[in-house]
Amino acid sequence: MSQVSIAFVARATRFSPGSVDKDEAILSAVRQRLADSGFSCSEIVSEDQLASVVEADAYVSMGRRQETLNWLDLQERGGRVVVNTPSSVLLCNQRAMLMRLLEENGIAVPPLHGISGYWVKRGDGCRETPEDVQYSDNWEGACRLRDGMLSRGIADVDVRAHVLGRWLKFYGVRHTGFFCSYSPDNKENSISDKQSLQQHAERAARLAGLDVYGGDWIVQADGTPVLIDLNDWPSFSVCREEASEAIAKRIIERIIE
């Protein structure tokens, strides 16, 4: 595979609050696996230095800046492989649109109204500061938080009801069989309904167009999973070794398709 070159784009630090080292670690691990498989792999370049990214046959990117996505879209239109695709990352950055897409296709998401409080989240991009995701125990407070976000120049704000149940985080790589789910409250990695959750997560990732994905479920008392977040390329911090192997496998599949 030495004739196939791959360039690597790291996420800007402002898009990795509290996870800069973890994000760097998973991207580095994937790069090493691809290099070990015989690909010509560039050094990792931050999306803040996009002009320094070398020309390549394929691009592996964690970037989220609009400029990065526009540039990667041009590379994809030119016939190069990009993982994740810029369109899928853009969709994840447009939270309200993503939630509507999932709901319209039968994936349970938090309702717009409820009786257990509200989450107010930035809808025009991923979280950069703690103020981009806030909770209120009543609708009036949620509206004040929403208006505050809008006054900060945030173009879109998504307000949805808090869902009661068991909180689970998940990581996956589409078409590889890799899936990791655990409870961040008690760090349990053994989830009895893992197969069902994996099927739901894979379907959500397919709808969004993501190859490398993660997110959060709330499993309600009746067993219904509600998807509260779907993200492009998380840190995979609890399963980095297995995840990097699966991600490299998926990238290779995309290249030889």
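**Exercise 1. Find the handedness with which α1 passes α7, and describe their contact.**

Solution. The crossing of α1 and α7 is right-handed (the near helix is turned clockwise from the far one by less than a right angle; anticlockwise would be left-handed). Helices here are DSSP runs of H or I with at least four residues, and strands are runs of E with at least two, numbered from the N terminus. The model is predicted: local features need pLDDT of at least 70 and side-chain atom pairs pLDDT 80 or more, while totals for chains, interfaces and linings use all residues. Residues are numbered from 1 along each chain as its sequence is written, and side-chain values use heavy atoms, without hydrogens and water.

Next, take the axes, which are lines fitted to C-alpha atoms, for helices over the stretch in contact, with angles from 0 to 180 degrees between N-to-C directions. Those of α1 and α7 come within 9 Å and cross at roughly 55°. That angle makes α1 oblique to α7, because under 35 degrees counts as roughly parallel, over 145 as roughly antiparallel, 65 to 115 as roughly perpendicular and the rest as oblique.

Finally, list the residues in contact (heavy atoms within 4.5 Å). Among them, A25, I26 and A29 belong to α1, and I247, A248 and I251 to α7. The contact comprises 10 nonpolar residues, one polar and five charged (Ala, Val, Leu, Ile, Met, Phe, Trp, Tyr, Cys and Pro are nonpolar; Asp, Glu, Lys and Arg charged; the others, Gly among them, polar).

**Exercise 2. Describe the sheet that contains β1, and place α1 on it.**

Solution. Start with the order: β2-β1-β3-β4, an open sheet of four strands in parallel pairing. Two strands pair if DSSP finds at least two bridges between them. The edges are β2 (40-46) and β4 (81-83), each pairing on one side only. From one strand to the next, the twist averages 15°. Between β3 (residues 58-61) and β4 there are three bridges, and V60 stands opposite V83 in β4. Then add helix α1 (residues 20-36), which lies across β1 (5-10), β2 and β3 at about 165° to β2.

**Exercise 3. Describe the sheet that contains β8, and place α6 and α7 on it.**

Solution. The order is β9-β8-β10-β11, an open sheet with antiparallel pairing. Its edge strands are β9 (178-182) and β11 (225-232). Five bridges join β8 (residues 166-173) to β9, where G172 stands opposite F179. Helix α6 (residues 194-208) lies across β8, β9, β10 and β11, at about 130° to β10. Helix α7 (residues 240-256) lies across β8, β9 and β10, at about 45° to β8.
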